[in-house]
Amino acid sequence: MAKDILGEAGLHFDELNKLRVLDPEVTQQTIELKEECKDFVDKIGQFQKIVGGLIELVDQLAKEAENEKT
């Protein structure tokens with residue numbers, strides 16, 4: 001009964017019986033989103049490294065081709 005009243009007021013108890021403002025489901029979704037964002041940022045970092053290496057390689061090949069012309 002008391003939990004229902006608190007729930008209607010937007011207050012919830014977590015697994016440690018601490019009073020929380022966020023619904024436990026929303027809290028879990030927030031944690032999952034945070035993890036997905038971290039994974040995305042890590043993958044973008046890896047992509048930038050790969051592209052950076054590719055750009056360096058293309059620049060080097062361009063210089064070598066320019067040297068062959070002369």
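A surface patch is made of residues with over 30% relative accessible area and no salt bridge, and nonpolar side chains are joined into one patch within 5 Å. In this predicted model, L54, L57, V58 and L61 form such a nonpolar patch, with about 360 Å² of accessible area together. A negative surface patch is formed by E32, E35, E36 and D39. The model also holds 2 salt bridges, and the mean pLDDT of the protein is 87.

**Confidence of the model**

- Of the residues in the protein, 90% reach a pLDDT of 70 or more.
- Confidence is highest in helix α2, where the mean is 95.
- Confidence is lowest in helix α1, which covers residues 2-8 and has a mean of 67.
- Helix α2 covers residues 24-69, and the residues described under the headings on salt bridges and distances include several from this helix, among them K38 and D42.

**Salt bridges**

- Side chains of opposite charge can pair when their charged atoms come close.
- One salt bridge joins the side chains of K38 and D42, with a distance of 3.1 Å from N to O.
- K38 and D42 both belong to helix α2 and lie 4 residues apart, which is about one turn of the helix.
- K38 has a relative accessibility of 52% and therefore counts as exposed, because the exposed class begins over 50%.
- D42, with a relative accessible area of 36%, is partly exposed.
- Another salt bridge links K69 with E66, and their closest N and O atoms are 3.8 Å apart.
- This pair meets the rule because a salt bridge requires the nitrogen and the oxygen to be within 4 Å, and the N and O atoms of K69 and E66 are 3.8 Å apart.
- K69 and E66 are 3 residues apart in helix α2, so about one helical turn separates them.
- K69 counts as exposed at 66% relative accessibility, whereas E66 is partly exposed with a relative accessible area of 44%.

**The nonpolar patch**

- Which residues form the nonpolar patch on the surface? They are L54, L57, V58 and L61.
- V58, a member of this patch, lies in helix α2.
- V58 is partly exposed, because its relative accessible area is 46% and the partly exposed class lies between 20% and 50%.
- The value of 46% for V58 also satisfies the patch requirement of over 30% relative accessible area.
- From V58 to K69, 11 residues along the chain, the C-alpha atoms are separated by 17 Å.

**The negative patch**

- Among the members of the negative patch is E32, which lies in helix α2.
- E32 has a relative accessibility of 38% and so counts as partly exposed.
- The 38% of E32 is likewise consistent with the patch requirement of over 30% relative accessible area.

**Distances along helix α2**

- A62 lies in helix α2 and is partly exposed, with a relative accessible area of 42%.
- How many residues apart along the chain are A62 and E32? They are 30 residues apart, and their C-alpha atoms are separated by 45 Å.
- Q29 also has its place in helix α2 and counts as partly exposed at 44% relative accessibility.
- Q29 and D59 are 30 residues apart along the chain, with 44 Å between their C-alpha atoms.

How values were computed:
Residues are numbered from 1 along each chain as its sequence is written. This is a predicted model: local features need pLDDT of at least 70, side-chain atom pairs count only at pLDDT 80 or more; totals for chains, interfaces and linings use all residues. Side-chain values use heavy atoms; hydrogens and water are left out. Helices (H or I, at least four residues) and strands (E, at least two) are DSSP runs, numbered from the N terminus. Buried means under 20% relative accessible area, exposed over 50%, partly exposed in between (1.4 Å probe, protein chains only). pLDDT is the predictor's confidence in each residue, from 0 to 100. Patches are made of residues with over 30% relative accessible area and no salt bridge: like charges are joined within 9 Å, nonpolar side chains (Val, Leu, Ile, Met, Phe, Trp, Tyr) within 5 Å. Accessible areas come from the Shrake-Rupley method with a 1.4 Å probe; for residues, only the protein chains shown count as cover. Lys and Arg count as positive and Asp and Glu as negative; His and the chain ends are not counted. The place of a charge is taken as NZ of Lys, CZ of Arg, CG of Asp or CD of Glu.
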